[in-house]
Amino acid sequence: MPDQSLVRANDTFPPVIHLLPVTVRPFFPGQAVPLLMHAKHWTPTLKAVDQAAQPYIGIVFADAETAEDARPEDFKRVGTVGRVHRVQETDGRLHVLVECMQRFRIGKILTDQAPFTAQVRYLAEPEDTDDKDVKAYGMAIINTIKELLPLNPLYVEELKTFLERFGPDDPSHLADFAASLTTSNNQQLQDVLEAVEILPRMEKVLTLLNDELELAKAQHKIRKTVEERMEKQQREFMLREQMKVIQKELGIAKDDRTAEIDKFRGRLEDLSLPDPAQKRVDEEMDKLSILETGSPEYALTRNYIDWITLLPWGLRSQDILDIEHARKQLDRDHYGLDDVKARILEFLAVGIMKKQISGSIVLLVGPPGVGKTSIGKSVADALGREFYRFSVGGIRDEAEIKGHRRTYVGAMPGKFIQSMKEVGTENPVIMLDEIDKVGASYHGDPASALLEVLDPEQNTDFLDHYLDLRFDLSKVLFLCTANQLDTIPRPLLDRMETIQLSGYIAEEKYQIARRYLLPRQLERAGLKRSQMKIAAPVVRAIIDGYARDSGVRLLEKQLAKIVRKGVVKLLDGADEPVVVEKDDLEKYLGTPVFKDERNIRGPGVVTGLAWTAMGGATLNIEAVRTHGFGRGLKLTGQLGEVMRESAEIAYGFILAQAKKFDADPMFFEKGYIHLHVPAGATPKDGPSAGVTMASALLSLARGEKLARRLAMTGELTLTGEVFPVGGIREKVIAARRSGIKELILPADNEGDYKEVPEYIRKGMKVHFARHFRDVAPLLFD
């Protein structure tokens with residue numbers, strides 16, 4: 001757009017003008033305003049102004065986040081008419097220079113979207129400028145500006161620009177200029193703009209100027225104080241450097257030992273050591289000052305003091321005590337897991353209510369890949385604490401926990417003291433991964449060493465063998481993770497609050513893949529989302545055929561494999577985007593690992609539910625009568641001792657009670673029964689298949705297959721009682737994953753079933769049994 005010539009003051013303005021909303025601040029007549037606008041949004045407005053008969057534009061302040069978001073109802077009613085002098089476009093942004101000329105009041109806005117036009121009425125500048133009060137206010141404003149000039153050099157250039165165009169005897173423009181100098185808020189500046197009468201306007205401006213003067217004086221004082229401090233520090237630094245040079249020249253410079261001691265004392269100034277620790281440090285410092293630097297004892301003592309002074313004695317980070325912030329953090333990082341999030345929020349809420357989240361021990365138990373470790377990081381972020389993670393899986397030496405004694409060569413503190421040094425605060429979140437895999441050896445029992453650390457009553461005085469000083473771990477929030485509870489020693493388990501994490505169902509996996517896993521893999525591969533397309537049916541097919549584990553780790557590996565092969569295609573010159581179709585999956589991932597489970601039906605075949613370290617699983621138990629030459633029972637399928645006993649109990653019970661359940665007792669009298677639990681290569685154990693085995697034997701004896709598809713679990717006794725079992729949550733998820741909607745569970749597990757999240761229970765039909773006679777009627781028509 002070409003530059004326009006200057007407009008004379010007596011020019012007339014059109015009754016209808018285009019409006020340009022601004023959100024930075026209101027502008028006044030007499031100002032030359034540089035504006036930065038969004039090119040795509042505002043180019044039509046500026047073109048319309050350029051093509052108008054009278055190319056004027058109205059600058060009006062709008063209460064909106066950005067000018068592009070502004071709507072007519074956001075516009076203030078008084079603005080400033082001006083003329084556009086220069087427009088330049090750079091990188092999609094318009095640099096616009098507008099000369100503001102006169103106030104106007106909006107009568108009616110004619111359009112409700114850009115380009116905005118409006119009928120306006122122009123507000124003439126007051127002509128009564130010889131009033132004594134006006135002159136007095138004018139002098140007061142000028143004097144206040146004079147006081148501001150030495151405090152902020154930027155005002156000098158502004159004043160020069162003003163005096164080139166107007167004189168100090170022009171009270172209207174003087175008041176507007178003075179208001180534009182201030183850093184007052186937008187509403188205060190708008191009030192000045194809307195004040196047409198000169199005297200009220202000057203009163204408002206003088207108030208704003210005096211506030212600005214006070215602020216400038218305060219800033220000047222602060223800046224002067226900082227400069228003086230900097231000068232003092234620079235002078236001291238120069239003197240120290242000169243002193244070092246002089247000492248070196250005179251041969252009296254500090255040796256390494258003195259420098260080390262000064263370094264340690266400097267660290268101690270910021271710490272609050274308890275009296276025993278301070279006493280020990282003083283003794284070791286005295287010893288260090290008399291030892292020869294080349295002696296082994298010097299190195300040991302120096303390292304010992306170094307460790308003590310690097311620990312965060314008395315240093316704590318400020319907790320973020322905001323339950324809403326914690327909820328948003330957990331929701332942002334994790335999809336689903338609503339019951340787990342609720343438990344964590346309950347735990348945090350108690351700490352927030354008492355204004356202090358004291359050290360606690362929380363155990364997250366669940367299959368691999370369900371997000372246990374990442375939840376720990378989210379908890380640390382929600383609290384604003386430092387986070388440190390280390391794995392205790394496979395640790396066999398208690399010195400890893402409590403440190404080595406200083407008498408050994410290469411001695412070091414234990415993992416907990418090392419973590420405290422790393423994080424630099426007394427109240428971090430420390431995650432102990434794989435606590436169910438802690439070992440034991442002739443070096444000691446690390447699990448027993450953890451008892452002191454993970455006991456809130458004892459860890460206030462945790463004693464590390466290397467430090468040989470009491471260190472307070474009571475402010476630490478410990479989060480532990482495990483895949484199962486069976487291998488955790490009972491005394492250690494009693495000290496922790498357990499939170500169960502169940503596996504994900506297919507829909508949850510799909511949402512996690514769409515929101516987190518796929519974007520992360522594309523980013524790691526350096527791809528944009530527009531370069532590769534994996535549709536929803538493809539992701540669901542991956543989940544069903546290649547990633548039926550409880551977590552999402554296997555799903556992420558499969559997505560990573562697809563993305564890598566997509567990158568190869570792009571580098572080979574394939575067109576963008578690379579689209580992965582459902583029929584292409586075998587080319588990308590090979591033959592599906594998981595097939596649709598065979599719906600094996602027939603007499604003697606019953607589906608059971610099992611728990612594994614990887615989550616829940618369904619398994620078909622098969623029973624056949626191999627011959628009629630003699631009674632017997634054969635068991636196959638790599639069954640453990642407990643499971644073999646369960647099979648024998650089920651066989652004995654059905655044999656004794658066959659008549660009661662409409663089966664022929666002679667069927668077992670002369671029949672050799674073979675009971676098999678696929679898959680044969682997978683070891684299995686546990687008592688929870690008793691009900692399932694008894695049902696399979698009863699189905700075989702009656703010669704009837706099950707009336708409908710259902711699955712069951714429960715321990716069976718010789719008298720037919722159905723006892724509770726564990727892993728109900730995982731078993732229900734496994735049944736749902738396999739499409740089984742009807743279950744038989746022990747009556748004593750009804751409470752466990754109610755704790756399963758509602759969205760998993762939805763659509764499931766569950767029968768609770770106390771005795772096998774409750775089970776038998778459900779099996780057949």
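Is lysine 587 buried or exposed? Hold that thought for a moment, everyone. What we have on screen is a predicted model, so please keep that in mind as we go. Back to the residue: lysine 587 is exposed, at 62% relative accessible area. Its side chain meets that of aspartate 584 in a salt bridge, 3.7 Å from N to O. The partner sits in another setting, though: aspartate 584 is buried, with a relative accessible area of 17%. Aspartate 584 gets that label because 17% falls under the 20% cut-off.

While we are on charged pairs, there is also a network here. Glu284, Lys287, Glu297 and Arg406 are joined into one by salt bridges that share partners. Over the whole structure, the search turns up 31 salt bridges. As a reminder, side chains of opposite charge can pair when their charged atoms come close.

Let me pick out two more pairs. In one of them, glutamate 260 meets arginine 302 through their side chains, with an N to O distance of 3.1 Å. This pair links distant parts of the chain, since glutamate 260 belongs to helix 7, residues 256-268, and arginine 302 to helix 9, residues 296-310, with the two positions 42 residues apart in numbering. Glutamate 260 is buried at 18% relative accessible area, and arginine 302 is buried too, at 19%.

The other pair stays within a single helix. Lysine 377 and aspartate 381 form a salt bridge at 3.0 Å, N to O. Both are in helix 12, residues 372-383, four residues apart, or about one turn of the helix. How exposed is lysine 377? Lysine 377 counts as partly exposed, at 38% relative accessibility, and aspartate 381 is partly exposed as well, at 28%.

Now, let's turn to the sheet. You can find an open sheet of five strands, in the order 8-9-12-7-13, with parallel pairing. At the edges are strand 8, residues 387-391, and strand 13, residues 497-500, each pairing on one side only. On average, neighbouring strands in this sheet are turned by 20° against each other, ignoring direction.

Zooming in, strand 9, residues 429-433, runs parallel to strand 12, residues 477-482, and four bridges join them. Across that pairing, methionine 431 stands opposite leucine 479 of strand 12.

And what lies across these strands? Helix 14, residues 415-423, lies across strand 8, strand 9 and strand 12, and runs at about 150° to strand 8.

That's my tour, thanks for listening!

Methods:
Residues numbered from 1 in each chain as written. Predicted model: local features only at pLDDT ≥ 70, side-chain atom pairs only at ≥ 80, totals over all residues. Heavy atoms only, no water. Pairing = 2+ DSSP bridges. Axes fitted to C-alpha atoms, helices over the stretch in contact; angles between N-to-C directions. Contact = heavy atoms within 4.5 Å. Salt bridge = Lys/Arg side-chain N within 4 Å of Asp/Glu carboxyl O. Buried < 20%, exposed > 50% of the residue type's maximum accessible area, 1.4 Å probe, protein only.
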